[in-house]
Amino acid sequence: MKRAVLILLILAGSTQRGFARTDDERLAGDPVPPSADDLAKAADAAAEVAAVPVDAPPPTPTNASPPAKASSDDIDLGSLGLDPNASSFDDKLNIYGFADIGFQVLHWTKNPVFFPQDTRSFAVGNFNLYLAKPLTPKARALAEVRFSFVPNGSTRPDGTIVDTTSTDSANFDRPVQWGGIIIERVHVEYDLTEHLTLRAGRWLTPYGIWNIDHGSPTIIGVTRPYIIGEQFFPEHQTGLDLFGNHYESGFKIDYHLTASNGRGATEATVDRDNKLAFGGRLQVETPWGVKVGGSYYRGRYTGLPPAPGMPAPTYREAAYGGDAQFDNGALHLQAELIVRDRDYQFGPPVTFDPAARDLGYYGLAGYRLQRFWNVMPYAFYESYEPADRATFSRVYAINAGLNFRPTSTLILKLQGTYPWFRDDGVGLLAGQTIEIFSAQASWVF
Amino acid sequence: MKTPIASIAIALLIAALGGSAHADGKKLVVVVAKGSGLTSISRTDLKRCFTGESVSGGGKTLVPFNASTGTPDRIGFDKAVLGMSPDEVGRFWVDRKIRGQSGAPRSLPSAAHIAKVAAKFPGAIGYLPADQLTSDIQAVAVDGVAYTDARYDIVTQ
């Protein structure tokens, strides 16, 4: 834990020095207090990267100059990119993203035999790049790609480790390890009406809280709760998402209806079973800070045949999710419950009990202070009961940590996690416990 | 001698009241183009409009324009309408960006710019101190409360 704290402080210190230099440049001649201005500028920087409201002509870069005493007659709207007679719109390509680096210390209280009892490691977790571009006043495109070091270092099912080391002919054939690119989403959207938008492409499945909200800067903990990563719902889908929202008497209703290739070994390019998957989400936001949502997905998974002529593994699945959030001032509460039912028809794992159910949930509480780098102490409890009990029948975990946000674009986290596996003799990890200490710095650029 | 003292006392009282009014902040008037048809907006819709959602008014999709960041006008409006401090506003927009959602409204460098844009740009809506109102823009009541009403609470910080 001490090492994790020390490393976090070093990361924070070095990053803060970088920010200080930027602030000095930006604040030249600016009379406002640096901290508030830095955050506000970050907000305006966000304005530059995403869609300007429909029908709006292209904005021009905004200088952080102090308010000018201009006469209305002296102002040329054209020079601001706001000529009311202009027929153009903002078709600027916006590039931005986020990244994170972490350090983790993990200790199994009993020697797990199959893997090391103690590990400690730095890791570059995410380096995601966004490309956003309005195409017409009613249409826009968004792509998010994650640059990754995998597959190098990944463990294959047979226990061997992938090595991507190659020789670099541009550098005297010295060894170099190559990585991969993960397309998180790439889609185009068109506003059919004020309340309905059609999205086509590869998108993040609209379910729960922390699937679309997947970036490390917006996740409160160092990692998302385990069940979110387990993908009871597919994390991505390829197809259509019809969505929108509607306000009525202070209540906001968000809705999604989806049709896609469903889950599969090649779902982004080929639907191997020719069967569409369908899903939807409904969320109600109340004027009192409470949001309640429900999600549903139903489809068929089809993998790749293990050998030519053999049947491909396939199963039908249905997933159900419920989530709730409550925000009141500095207090934040959220919880999700996810269930998945699978019905194998070909190629089930030996230990799989057909028609069994995966179930998991978590509940989180956090309180954002206005001091100590806007720290949010948080804690969450989670539980996961898998259908496949080869490894364990149930795992529980308590997580507690601190989420610092010294500026809106820099997030520092410290977390302790204590998972324990139900001691019922079922599965390889029955009765095991783990102690995990993590630190992470993530940033938005 | 009493008359000058009384005058000074009255002057001090007026100054004190003036200072008090200044400390409470100047009223920020929500404005659109004259004759736009939008005379009143709910605080909820105003918040939605300035938090990246599509809101219509006066037969047009409203295009929000903010005061420059860090100014008393911007801080006051964000606090009164969005219910957020500058820190919270910063986090709000950065998080939206990572979710792939739309960004913050464009900010303009002065109240004069906001007045001009509100007057000329189709669907524009902004806010400025009451003493910066011009003849080609009109004030919009919020939740039916005009800025001249004592209950009006959108003020500079």
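## A walk through a predicted two-chain model

With 6 C-beta neighbours inside 10 Å, A:Ser249 counts as exposed; a residue is exposed if 12 or fewer other C-beta atoms lie within 10 Å of its own, buried if there are 20 or more, and partly exposed in between, with C-beta atoms placed from the backbone. A:Ser249 sits in the loop between β8 (236-248) and β9 of chain A, and its phi is positive, about 55°, although it is not a glycine. Strands here are DSSP runs of E with at least two residues, helices are runs of H or I with at least four, and both are numbered from the N terminus.

Before we go further, a word on the model. This is a predicted model, in which local features need pLDDT of at least 70 and side-chain atom pairs count only at pLDDT 80 or more, while totals for chains, interfaces and linings use all residues. Residues are numbered from 1 along each chain as its sequence is written, and chains are lettered from A and ligands numbered from 1 in the order in which they are written.

How confident is the predictor? The complex receives an ipTM of 0.78 and a pTM of 0.81. For single residues there is pLDDT, the predictor's confidence in each residue, from 0 to 100. Chain A averages 84, and 80% of its residues score at least 70. Two stretches of chain A deserve some care: pLDDT stays under 50 over residues 11-40, for which the model has 39 contacts beyond four places in sequence, and under 50 again over residues 45-70, with 82 such contacts. Two residues are in contact if their C-beta atoms, placed from the backbone, lie within 7 Å. Chain B averages a pLDDT of 86, with 85% of the residues at 70 or above. Over residues 13-23 of chain B, the pLDDT is below 50, and that stretch has 0 contacts in the model beyond near neighbours in sequence.

Let us return to A:Ser249 and follow chain A onward into its strands. Strand β9 (residues 251-260) runs antiparallel to strand β10 (residues 277-285), and 9 bridges join them; two strands pair if DSSP finds at least two bridges between them. Within this pairing, A:Tyr255 stands opposite A:Leu282 of β10(A). On β10(A) there is also an antiparallel pairing with strand β11 (residues 290-302), over 8 bridges, where A:Phe278 has A:Arg298 as its bridge partner. β10(A) and β11(A) make a hairpin with 4 residues between them, and A:Gly289 in the turn has a positive phi of about 85°.

Two other loops of chain A are worth a stop. In the loop between β14 (357-367) and β15 (376-385) lies A:Asn374, another non-glycine residue with a positive phi, about 50°. A:Asn374 is buried, with 23 other C-beta atoms within 10 Å. In the loop between β3 (139-148) and β4 (165-168) you will find A:Pro151, joined to A:Val150 by a cis peptide bond with omega of about 15°.

Now to chain B. Its 5 helices and 8 strands follow the order α-β-β-α-β-β-β-α-α-β-α-β-β along the sequence. Of its 157 residues, 52% count as buried. Among contacts between residues at least 6 apart in sequence, 68% join residues at least 24 apart.

A good place to look is helix α5 (residues 111-120) of chain B: 9 of its 10 residues are buried, so the helix is largely enclosed by the rest of the structure. Its buried residues include B:His113 and B:Lys116. Among the elements that cover them are β1 (28-33), α3 (72-82) and β7 (124-129) of chain B.

This helix also leads us to the largest nonpolar core, which has 40 residues; B:Val30, B:Val31, B:Val32, B:Ile114, B:Ala118 and B:Ala124 have the most contacts inside it. A nonpolar core is a set of buried Ala, Val, Leu, Ile, Met, Phe, Trp, Tyr and Cys residues joined through C-beta atoms within 7 Å. The largest share of this core, 7 residues, comes from α5(B). Beyond four places in sequence, B:Ala118 is in contact with residues including B:Val31, B:Ala124 and B:Ile137. A second, separate core of 25 residues includes A:Ile219, A:Tyr297, A:Val395 and A:Ala397.

Our last stop is B:Gly83, in the loop between α3 and α4 (86-99) of chain B. B:Gly83 is exposed, with 12 other C-beta atoms within 10 Å. From B:Gly83 to B:Lys47 the C-alpha to C-alpha distance is 8.9 Å, although 36 residues separate them in sequence.
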